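Me: I have a model open and would like to go through its labels with you. Could you explain how each one is justified?

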Amino acid sequence: MGGLSMNSVYWGGYGVVMATALVAGCLATASTAPLLVVAALVAVAAAMFPALWSPRTAHWVPAIVVGTCAVSQVTTLVFQGPVAGEAETWWLVESVGLVVLVVPAVRRPRGRTALALAVLLTATITELPLRMVLRVDPPATFEQAVKLCLAWLLLAAAANGTGCYLRVLDARGRAALAAERRSQRIELARDLHDFAAHDVTGVVVLAQAAQVLVDQDPKRVGELLTHIEEAGRQALSSLDRTVHVFTGDDTATDRHGRHAGETADPGGDALRPRPRDLDGLKALTDRFARTGGAAVRLDLADGALADLPWRVSELGYRVVVEALTNVRRHAPGASEVCIAVSRAPYGGMDTLSITVIDDAPDVGSEKNSGKDSGEPGEPGEPGEPGRLGGGTGLADLRRRVADMGGELAAHPRPSGGWRVSVLLPLVASGPGSGNGQDRPNG
């Protein structure tokens, strides 16, 4: 629009229309009662007032409606005739203006205010024909006056119905927007829990180890500080990636896929945003082994990750991240973590099977202190103990896996340690079975 805002266009158009109407009104006063012209111009000016139709300026509605109805009611009471010239034309113009005014009066204000304004406008519109039928020569009969008032009442009712319909649509739109925002907040919380918390937990564990070794082995502390820095960079990268996904900010990445401020790391991938699906599984396990006290053994069957649906790959990666995070938090005595990934039949479907096992001792004392629902000490399902969590944890992942039609289990092993296993159908069948191919990979 040549640099003009829509607001300027609206007000400019409003000014042109009202100037034209004012000129027409001045010309009509020679043959029509000025009072009728003024009432009609006020009704048109109110009905077309731009601020009346914006949800941000709904506070204008009551004052405008009350003022317009007052002018119309006074005109009906004061006007004594005669009905001559273009009086009927201006009366019809006023009628249209009042009927249009009903829509924002019902749509914008709060419930009780909208009801009061609707009643006021309906009464004003219904009484409007009396101004004409009682002043014509000869006057209309009572039956004719009633029929004309009923016709105007039907017009007001139709306008009220339109306003109510638009009010319902507005409410649905606000509810949908609130639901979408809540969904985005939940997704953001999941990303922060599943990815950033994993790296932050690594920083905490390494810092605790450094405190223990600061007097015993200062050289080892230097190595730990290097790992702490690496884990911290990974946490920042996770936070950056999460923010960029939700803001849609593609300008913060260069042609190599790095975020602003990141540089290539010839010795590894510490500074590169990692894939948030099973394509990044090897990098995840290597990083866990470097920044943790437990070795990682990855048993990846041939073809297990070939042609995976993105949603399956992404959820499988989240399960592995959560399992490794729990090992860091609740299994400090684990010396080895085994991760097995393969294809397996389940329920007549081809599924992706992922199993994460650690060998930490003292399962009962260290790991059964809470439930994996994410609330410390919260009672869980019978016969299914969990680890103490600090977020949504495995309980949320279990719901998401079930929505996909799969199964997730987490329980202690009789020989010691913990086992987390998940089966994900490669053709999802649950209520949340969208293939997710349209979502960004990571």
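Reply: Gladly! One term to start with: contact means heavy atoms within 4.5 Å. Leaving aside neighbours within four places in sequence, Ser353 is in contact with Ala340, Val341, Ser342, Ala344, Val422 and Leu423. Keep in mind that this is a predicted model.

Me: Where does Ser353 sit, and what makes Ser353 buried?

Reply: Ser353 lies in strand β3, residues 349-358. Buried means under 20% relative accessible area, and Ser353 has 14%, so the label buried applies. One of its contacts is Val341; the C-alpha atoms of these two residues are separated by 5.7 Å, although they are 12 residues apart along the chain.

Me: What share of the chain is buried, and how many helices and strands are there?

Reply: Buried residues make up 43% of the 442 residues, and the secondary structure comes to 12 helices and 5 strands. Among contacts between residues at least 6 apart in sequence, 70% join residues at least 24 apart.

Me: How do you know that the span of helix α10 agrees with what is expected?

Reply: Helix α10 (residues 310-330) has 21 residues, which should span 30 Å at 1.5 Å a residue; its end C-alpha atoms are 30 Å apart, so the two agree. As for cover, 19 of the 21 residues of α10 are buried, hence the description "mostly covered".

Me: What puts the buried residues of α3 on the same side?

Reply: The buried residues of α3 are Val61, Ile64, Val65, Thr68, Cys69, Ser72, Thr75 and Thr76. They cover an arc of only 125 degrees around the axis, which puts them on the same side of α3. An α-helix has 3.6 residues a turn, so residues three or four places apart point the same way. On the other side of α3, Ala63 and Leu77 are exposed.

Me: Which helices do the buried residues of α3 pack against?

Reply: They pack against α2 (34-48), α4 (87-107), α5 (111-127) and α6 (130-133).

Me: Why are α2 and α4 called roughly parallel?

Reply: They pack at an angle of about 25 degrees, with their axes 8 Å apart. Angles under 35 degrees count as roughly parallel, so α2 is roughly parallel to α4. The residues making this contact include Leu36, Val37 and Leu41 of α2, and Trp90, Val93 and Leu101 of α4. The crossing of α2 and α4 is left-handed.

Methods. Residues are numbered from 1 along each chain as its sequence is written. This is a predicted model: local features need pLDDT of at least 70, side-chain atom pairs count only at pLDDT 80 or more; totals for chains, interfaces and linings use all residues. Side-chain values use heavy atoms; hydrogens and water are left out. Buried means under 20% relative accessible area, exposed over 50%, partly exposed in between (1.4 Å probe, protein chains only). Helices (H or I, at least four residues) and strands (E, at least two) are DSSP runs, numbered from the N terminus. The arc is that of the directions from the helix axis to the C-beta atoms. The expected span of a helix is 1.5 Å times one less than its number of residues. Axes are lines fitted to C-alpha atoms, for helices over the stretch in contact, and angles run from 0 to 180 degrees between N-to-C directions. Angles under 35 degrees count as roughly parallel, over 145 as roughly antiparallel, 65 to 115 as roughly perpendicular and the rest as oblique. A crossing is left-handed if the near helix is turned anticlockwise from the far one by less than a right angle, and right-handed if clockwise.
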